[in-house]
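Here's a structure to walk through together, one piece at a time. Have the model open beside you and turn it as you read.

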Amino acid sequence: MQLSGPILAIESSCDDCAAAIVKEDGTILADVVDSQTRTHSPYGGIVPEHASRQHLASVATVVAKALSDAGISPSDLGAVAVTYGPGLVGSLLVGAQFARGFASAAGKTLIGIHHIEGHLFAGRAHPEFPREPFIGLVAAGGHTALYLCRDDAPITFLGETRDDAAGEAYDKVAKMLGYPYPGGHIIDQLAQRGDPKRFVFPIALKAWNTLEYSFSGLKTAFRIKLNEMREKEGELSEQTIADLCAGVQTAIVQALLDKAFLACRQTQVSHFVIGGGVACNSLLRSEALRRGPENDVRVFLTPKKHCTDNAAMIAQAALRRIALGRVLADDFAVRSTSEVDAPI
Ligand code: KG4
Ligand code: ZN
């Protein structure tokens with residue numbers, strides 16, 4: 001497929017309604033995200049019905065804003081890309097049906113993109129983004145998984161969490177401490193003032209030679225320690241809260257990186273890309289950069305702005321597929337679960 005103009009990308013798989021316009025060379029002309037955090041925050045998690053209704057209310061405005069920010073009209077576009085899955089089906093449907101109607105009215109090709117593929121290639125236009133092959137870690141609220149990305153073969157899934165995602169662990173810890181959803185960034189900030197050695201939390205599957213994660217035991221260990229400290233101290237001191245956050249954060253980050261570097265060793269791949277919302281985490285970023293050279297691995301950190309859900313990443317993944325001649329065009333259905341790079 002030949003592109004004759006920028007891509008309009010739409011992402012609506014979860015609680016962010018996003019649209020972006022990205023040029024053929026990866027330059028971002030518009031990048032709009034309408035976050036639903038305020039809608040879902042009082043419930044302590046995402047309410048699917050609210051999410052799809054809010055996507056319905058905002059998708060047209062978000063796309064119109066992207067076009068106006070880029071200063072282009074629908075006829076200038078080369079193609080339309082949209083997330084087909086995985087995610088909340090109601091939310092995916094809104095974005096996909098809007099994109100289908102828009103592409104058809106504008107006479108443009110519609111390209112389906114896997115959400116995880118978006119996270120993996122979100123930084124693709126950055127000058128330091130590695131050439132494939134690389135190991136990709138996507139650590140987000142709904143997924144925590146490792147992939148081998150190669151441009152001469154489908155993306156290979158290497159392993160994932162057996163239970164909670166890393167972002168989910170962060171959000172649950174934040175909830176136990178009484179902070180609103182999503183709480184990952186709050187734990188990150190509090191942890192920076194804490195002593196990571198005061199409370200040591202377990203790292204599941206540490207000694208196993210598998211590329212799997214597990215975070216649900218950590219959540220239970222945190223709850224037990226929290227209750228114990230509440231019994232001892234009553235109202236917890238600021239220092240104890242910070243120390244608890246530093247302890248849990250250290251365990252999550254170490255788990256994420258141990259398996260990622262193990263994946264690099266097992267596959268003999270020397271480039272590593274981290275993406276997804278948890279890749280905003282300050283300790284994960286600094287530890288990845290510190291441990292990279294020890295492991296003979298070059299680490300690429302997705303720019304923070306494009307770690308959390310956005311539509312520019314969907315456009316970047318579409319550009320890669322166009323460059324590789326592996327485009328999933330026009331005839332596809334939304335999926336709540338689906339393997340990355342699997343034919344649908
Ligand atoms: O990628 P994303 O926007 O949505 C999914 O695809 O899931 O990721 C959202 C997740 C939430 O769980 C949020 O708490 C977490 O990313 N997160 C963080 C940080 N910023 C966002 N977790 C740890 N530290 C952060 N700084
Ligand atoms: Zn995501």
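What volume does the second largest pocket have? About 190 Å³, in what is, keep in mind, a predicted model. Its lining is made up of F121, R124, F129, P130, R131, E132, D151, R320, A323 and L324. Sort those by class and you get five nonpolar and five charged residues, with no polar ones.

One of the lining residues, E132, is worth a second look, since the peptide bond that joins E132 to P133 is cis, with omega at about 10 degrees. P133 itself sits in the loop that runs between α4 (115-120) and β6.

Now for the sheets. One of them is an open sheet of five strands, ordered β3-β2-β1-β4-β5, with mixed pairing. At its edges you'll find β3 (28-35) and β5 (109-114), each of which pairs on one side only. On average, neighbouring strands here are turned by 20 degrees against each other, ignoring direction. As a reminder, strands of a sheet pair through backbone hydrogen bonds, either parallel or antiparallel.

Both senses turn up in this sheet. Strand β1 (residues 7-11) runs parallel to β4 (residues 79-85), and four bridges pair them; L8, for instance, has V80 in β4 as its bridge partner. β2 and β3, on the other hand, are antiparallel and joined by seven bridges. There, D16 is bridged to S35 in β3. These two strands make a hairpin with five residues between them, and in the turn G26 takes a positive phi of about 95 degrees.

What about the helices on this sheet? Helix α2 (residues 48-70) lies across β1, β2 (16-22) and β3, and runs at about 20 degrees to β2. Helix α10 (residues 312-324) also packs on the sheet, where it touches β1, β2, β3, β4 and β5, its direction making about 125 degrees with that of β1. The residues R320, A323 and L324, met above in the pocket lining, fall within the range of α10, residues 312-324.

On to another open sheet of five strands, also with mixed pairing, in the order β8-β7-β6-β9-β10. Its edges are β8 (156-160) and β10 (298-301); each has a single partner strand, so one side of each goes without a neighbour in the sheet. The average turn between neighbouring strands is 20 degrees, direction ignored. Inside it, β6 (residues 134-139) and β7 (residues 144-149) pair antiparallel over six bridges, with G136 partnered by Y147 in β7. Helix α8 packs on this sheet, touching β6, β7, β8, β9 (271-275) and β10, and its direction makes about 160 degrees with that of β6.

Which way does α8 run relative to α5? The axes of α5 (residues 166-176) and α8 (residues 238-267) come within 11 Å and cross at roughly 175 degrees, and the two helices are therefore roughly antiparallel. From α5, A166, A169, Y170 and V173 meet V248, Q249, I252, V253 and L256 of α8. The residues of this contact divide into eight nonpolar, one polar and no charged.

Two loop details round off the tour. Between α5 and α6 (184-191) lies P182, and the peptide bond from Y181 to P182 is cis, its omega near -10 degrees. Then there's L205, in the loop between α6 and α7 (216-233): its phi is near 60 degrees, a positive value in a residue other than glycine.

Note on methods:
Residues are numbered from 1 along each chain as its sequence is written. Chains are lettered from A and ligands numbered from 1 in the order in which they are written. This is a predicted model: local features need pLDDT of at least 70, side-chain atom pairs count only at pLDDT 80 or more; totals for chains, interfaces and linings use all residues. Side-chain values use heavy atoms; hydrogens and water are left out. Two strands pair if DSSP finds at least two bridges between them. Axes are lines fitted to C-alpha atoms, for helices over the stretch in contact, and angles run from 0 to 180 degrees between N-to-C directions. Contact means heavy atoms within 4.5 Å. On a 1 Å grid over the protein atoms alone, a cavity is a set of points where a 1.4 Å probe fits but cannot get out, and a pocket is an open set with protein on both sides within 12 Å along at least five of seven lines; lining residues have an atom within 4 Å of a point. Grid points are joined across faces, edges and corners, and a volume is the space filled by probe spheres set on the points. Ala, Val, Leu, Ile, Met, Phe, Trp, Tyr, Cys and Pro count as nonpolar, Asp, Glu, Lys and Arg as charged, and the others, Gly among them, as polar. Angles under 35 degrees count as roughly parallel, over 145 as roughly antiparallel, 65 to 115 as roughly perpendicular and the rest as oblique.
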